[in-house]
Amino acid sequence: MFISEYEAIERFCLSRGISFTYSFCGSKYAAYKLKPDGCNVIRLDNDYFVISNTLYLMIRRYLIAFRKGDGSAETLFHL
C-alpha cells in the first residue's frame with residue numbers, strides 16, 4: 001500500500017501522541033525565508049514545512065527509513 005510522506009508522518013505522530021504542527025507550508029524559498037530561529041525546514045512530498053527543532057528530531061529517523069523503503073509503514077512505527 002502506497003502512502004504519501006505527509007500521511008506517513010501524520011500517522012507516526014498520531015501513534016506517538018505527538019502533534020504534527022507546522023508554522024508554514026509552501027515553496028522552498030518561502031519556507032527558508034520565513035523560518036524563525038529554533039525551527040527547521042523539512043520536505044514532505046513536494047511541499048516544504050517549517051517545524052520546530054524538537055519535532056524535527058523526533059520524526060527525522062522515521063522519515064529517513066521511510067524514504068529508503070525499509071519495510072512497510074506499519075513496520076516503521078516500531079522505530
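Which helix lies across β2 and β3, and at about what angle does it run to β2? The legends below take up the sheet of this predicted model and then come back to that helix.

**View 1. Three strands make one open sheet.** Reading across the sheet, the order is β1-β3-β2, and the pairing is antiparallel. That leaves β1 and β2 as the edge strands, each pairing on one side only. On average, neighbouring strands here are turned by 25° against each other, direction ignored. As a quick reminder, strands of a sheet pair through backbone hydrogen bonds.

**View 2. Strand β1 meets β3.** Residues 24-26 form β1, and residues 47-52 form β3. The two run antiparallel and are joined by three bridges. Look for G26 in this close-up: its bridge partner in β3 is Y48.

**View 3. Strands β2 and β3 form a hairpin.** Here β2, residues 39-44, pairs with β3 over six bridges, again in the antiparallel sense. At the turn end, L44 sits opposite D47 of β3. Two residues lie between the strands of this hairpin, and D45 takes a positive phi near 55°.

**View 4. Helix α3 lies across two of the strands.** Back to the opening question: the helix is α3, residues 53-68, and it lies across β2 and β3. Its direction is about 25° to β2.

Note on methods:
Residues are numbered from 1 along each chain as its sequence is written. This is a predicted model: local features need pLDDT of at least 70, side-chain atom pairs count only at pLDDT 80 or more; totals for chains, interfaces and linings use all residues. Side-chain values use heavy atoms; hydrogens and water are left out. Two strands pair if DSSP finds at least two bridges between them. Helices (H or I, at least four residues) and strands (E, at least two) are DSSP runs, numbered from the N terminus. Axes are lines fitted to C-alpha atoms, for helices over the stretch in contact, and angles run from 0 to 180 degrees between N-to-C directions. Contact means heavy atoms within 4.5 Å.
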